[in-house]
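Here is a friendly tour for anyone who likes to think in contacts, angles and accessible areas. Please keep the viewer open as you read.

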Amino acid sequence: MNTSASEPIDSNITSGENKSFWTASTKPIIFEKLKQNIETDILIVGGGIAGLTTAYCLLKAGRKVILVEDGYIGSGETGRTTAHITCALDDRYFELERIFGKEKAMLAANSHMEAIQFIANTVKHENIDCNFKRVPGYLFLSGSDKKETLEKEYAATKSAGLLTEMLEQVPGLEAENGKWCIKFPEQGQFHIMKYLRGLADAITGMGGKIYTETKAEDITKEGAKANGYDIKAKHIVVATNTPINDLVTMHTKQWPYRTYVIAAKVPKGKLAYSLWWDTGDHDSKWIAAPYHYVRLEEYDNQYDLLISGGEDHKTGQADDENILEENRYEKLIEWTKKRFPAMQEVTYKWSGQVMEPIDCMAFLGRNPGSNNIYIITGDSGNGMTHGTLGGIILTDIITGNKNPWEDFYSPSRITLKTTGDYLHEAGNMVVQYADWITKGDVKDADELKPGQGGIISSGINKIAAYRDEQNNLHICTAVCPHLGAILQWNAEEKSFDCPAHGSRFTTVGKVINGPASTDLKRIQVKEENKI
Ligand SMILES: Cc1cc2nc3c(=O)[nH]c(=O)nc-3n(C[C@H](O)[C@H](O)[C@H](O)COP(=O)(O)OP(=O)(O)OC[C@H]3O[C@@H](n4cnc5c(N)ncnc54)[C@H](O)[C@@H]3O)c2cc1C
Ligand code: FES
């Protein structure tokens with residue numbers, strides 16, 4: 001038996017087996033690898049929208065910047081987004097008012113509108129060809145919700161200073177599903193990978209250095225190591241979606257959710273470019289009340305793509321609802337067809353991970369306990385705007401300018417009220433450790449067909465096993481190197497996912513998402529010695 005590593009997921013390009021429309025329709029954005037010791041003012045770790053925006057803003061402020069990305073640019077969650085650029089925050093403004101009060105709900109609205117404007121200005125200023133459009137967004141009632149929710153939200157958006165309107169009919173939706181919505185004017189949308197390409201060009205054009213296939217490790221206040229070389233820096237920004245330098249603080253303030261997307265052809269002109277969201281499934285077992293999010297994107301001369309997302313569950317816990325990952329796409333297609341019957345063939349499907357913060361808002365600022373290490377995390381499904389705001393706020397902090405949103409988004413903030421039920425979410429994390437004493441999902445490695453993986457119990461040991469298309473068995477420990485929860489097999493994206501705090505690993509155990517920062521331990525076994 002051969003247990004040599006082969007990589008079914010090219011994790012340099014994307015973090016799952018399924019490719020998004022964005023990554024499939026553009027060339028990978030690749031720079032040279034770091035091959036020497038180096039010194040800079042600011043080291044940025046992570047080449048998604050948060051890292052690139054931070055690099056762009058700091059360079060514009062005259063700072064010397066190096067950005068390192070362990071895959072290629074956009075290979076994390078940014079390449080798997082649906083790229084609604086919006087101030088229609090999915091946790092609702094009436095919830096923000098309850099948690100933070102009216103004044104801070106205004107800060108939330110105002111900062112997100114500014115983030116949309118920042119993207120619009122950047123596209124114009126840098127001449128980025130990324131299909132950016134200003135579009136309206138419509139928040140409509142889900143089947144499990146009542147009109148009072150919209151009325152409450154409408155009042156809260158108004159008092160937060162947004163120019164929303166209540167409409168009796170939802171533009172673009174089939175009539176029977178389309179009664180009442182809130183219209184959010186002047187939202188945005190773009191092709192995210194084209195936007196990242198434009199930002200990367202602007203960064204290098206201003207003298208910034210980007211290194212890809214360069215993984216930062218051992219982050220300290222002096223800098224980091226990457227590919228075996230030292231990077232010395234005065235400031236370090238960790239824009240890795242989930243902080244990789246965090247053992248205790250941040251992962252108890254946010255929860256990872258997996259969310260699904262399909263993209264289907266729609267004849268051009270049938271629907272107007274817009275964003276649509278429903279108010280979420282209030283019968284769901286998940287505190288985040290998963291909702292559907294839909295938009296159009298340019299495809300070819302004949303068709304647009306209708307991109308529809310939803311059917312979320314906590315990472316690594318799809319089977320808790322008895323709905324497997326693959327069946328979630330079927331549910332999504334059914335939901336979308338009912339509301340948008342003009343949709344035709346489904347051409348893409350993919351899934352990704354979002355982080356749901358304890359009080360709805362992202363964490364953008366100094367890493368708790370550090371002076372010169374900063375984080376951007378807790379996207380809350382609004383990572384286009386939150387990632388952009390991260391870049392703006394961190395630049396002000398580093399350059400010594402007062403930023404009006406700094407305290408509101410501070411990772412050290414203490415919020416006395418939380419969204420949903422904190423104890424329930426914290427308890428859900430603890431319950432994941434019960435998998436230590438339950439059976440694996442596969443009896444032994446013989447059950448695995450080529451392309452299949454699973455968790456096997458071997459005495460008290462748990463093993464993450466994957467049989468590749470060439471019939472080679474790859475075996476690692478199924479114990480997450482972060483804090484020891486047992487991983488789950490994700491059959492759709494072919495990865496091992498941690499149900500506790502969202503770390504993910506390829507079929508051969510390479511880490512693709514933090515907070516874990518190291519790979520799974522590989523186990524060498526002869527296949528005839530059954531496990
Ligand atoms: C399916 C889906 C739909 C979404 N839809 C929307 C939407 O419509 N609107 C919206 O606003 N938001 C949306 N989001 C959320 C949004 O896409 C994300 O929050 C955002 O892209 C995250 O950007 P980021 O830069 O923080 O992280 P990432 O894009 O994940 O970037 C982090 C990068 O860090 C790199 N990295 C990690 N560790 C290291 C290391 N040690 N060294 C070097 N590099 C490292 C990773 O490879 C990765 O590329 C969606 C998310 C998903 C999954
Ligand atoms: S991510 Fe924390 S235990 Fe796995």
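The notes below go through the ligand site, the sheets and some unusual backbone spots. Please bear in mind that this is a predicted model. Ligand 1 has a shell of 36 residues, and the protein buries 95% of the 1000 Å² that ligand 1 exposes when taken alone.

**The site around ligand 1**

- Among the 36 residues that surround ligand 1, the closest are Glu69, Thr78, Thr82, His84 and Met384.
- Sorted by class, the shell around ligand 1 holds twelve nonpolar, 18 polar and six charged residues.
- On the oxygen side of the chemistry, an oxygen atom of ligand 1 sits 2.9 Å from a backbone N or O atom of Glu77.
- Nitrogen takes part too: a polar backbone atom of Ala216 is 2.9 Å from a nitrogen atom of ligand 1.
- Gly383 places a backbone N or O atom 3.0 Å from a nitrogen atom of ligand 1.
- Which elements give two or more residues to the shell around ligand 1? They are helix H2 (49-60), strand E10 (229-241), strand E11 (254-267), strand E15 (346-357) and helix H8 (383-399).

**Helix H8 and Thr385**

- Helix H8 spans 383-399 and is one of the elements that give two or more residues to the ligand shell.
- Thr385 belongs to helix H8, and its relative accessibility of 1% makes it count as buried.
- A polar atom of the Thr385 side chain lies 3.1 Å from the backbone oxygen of Asn382.

**Strand E13 and its partners**

- Is strand E13 (residues 293-298) largely enclosed or left open? Five of its six residues are buried, so the rest of the structure largely encloses E13.
- On one pairing, E13 runs antiparallel to strand E12 (residues 275-278), with three bridges between them.
- Within that pairing, Trp276 has Val294 of E13 as its bridge partner.
- E13 also pairs with strand E14 (residues 303-314), again in the antiparallel sense, over six bridges.
- In that second pairing, Glu297 stands opposite Leu305 of E14.
- The link from E13 to E14 is a hairpin of four residues.

**The three-stranded sheet**

- Strands E18, E19 and E20 make an open sheet in the order E18-E19-E20, with antiparallel pairing.
- Strand E18 (452-458) and strand E20 (473-477) are the edge strands; each has a single partner, so one side of each has no neighbour in the sheet.
- From one strand to the next, the twist in this sheet averages 25 degrees.
- Seven bridges hold the antiparallel pairing of E18 with strand E19 (residues 461-467).
- One pair to pick out in the viewer is Gln452 with its bridge partner Arg467 in E19.

**The four-stranded sheet**

- Another open sheet has four strands in the order E21-E22-E23-E24, with antiparallel pairing.
- Why do strand E21 (488-490) and strand E24 (511-513) each have one side without a neighbour in the sheet? They stand at the edges, and each has a single partner strand, so one side is left free of a sheet neighbour.
- Strand E22 (residues 495-497) and strand E23 (residues 504-505) run antiparallel and are joined by two bridges.
- Here Phe496 faces a residue of its own type, as it stands opposite Phe505 in E23.

**Backbone geometry to look at**

- As background, most residues other than glycine have a negative phi, and most peptide bonds are trans.
- Ala83 is not a glycine, yet it has a positive phi of about 60 degrees.
- Ala83 is found in the loop between strand E2 (65-68) and strand E3 (84-85), and at 0% relative accessibility it counts as buried.
- Glu311 likewise has a positive phi of about 60 degrees without being a glycine.
- Unlike a loop residue, Glu311 is placed in strand E14.
- How buried or exposed is Glu311? With a relative accessible area of 13%, Glu311 is buried, since the cut-off for that label is under 20%.
- The peptide bond from Gly514 to Pro515 is cis, and its omega is near 10 degrees.
- Pro515 lies in the segment after E24.

Methods
Residues are numbered from 1 along each chain as its sequence is written. Chains are lettered from A and ligands numbered from 1 in the order in which they are written. This is a predicted model: local features need pLDDT of at least 70, side-chain atom pairs count only at pLDDT 80 or more; totals for chains, interfaces and linings use all residues. Side-chain values use heavy atoms; hydrogens and water are left out. Two strands pair if DSSP finds at least two bridges between them. Axes are lines fitted to C-alpha atoms, for helices over the stretch in contact, and angles run from 0 to 180 degrees between N-to-C directions. A residue is near a molecule or strand if one of its heavy atoms lies within 4 Å of it. A polar contact is a pair of N or O atoms within 3.5 Å; within protein, one must be able to donate a hydrogen and the other to accept it, and residues adjacent in sequence count only if both atoms are side-chain atoms. Accessible areas come from the Shrake-Rupley method with a 1.4 Å probe; for residues, only the protein chains shown count as cover. Ala, Val, Leu, Ile, Met, Phe, Trp, Tyr, Cys and Pro count as nonpolar, Asp, Glu, Lys and Arg as charged, and the others, Gly among them, as polar. Buried means under 20% relative accessible area, exposed over 50%, partly exposed in between (1.4 Å probe, protein chains only).
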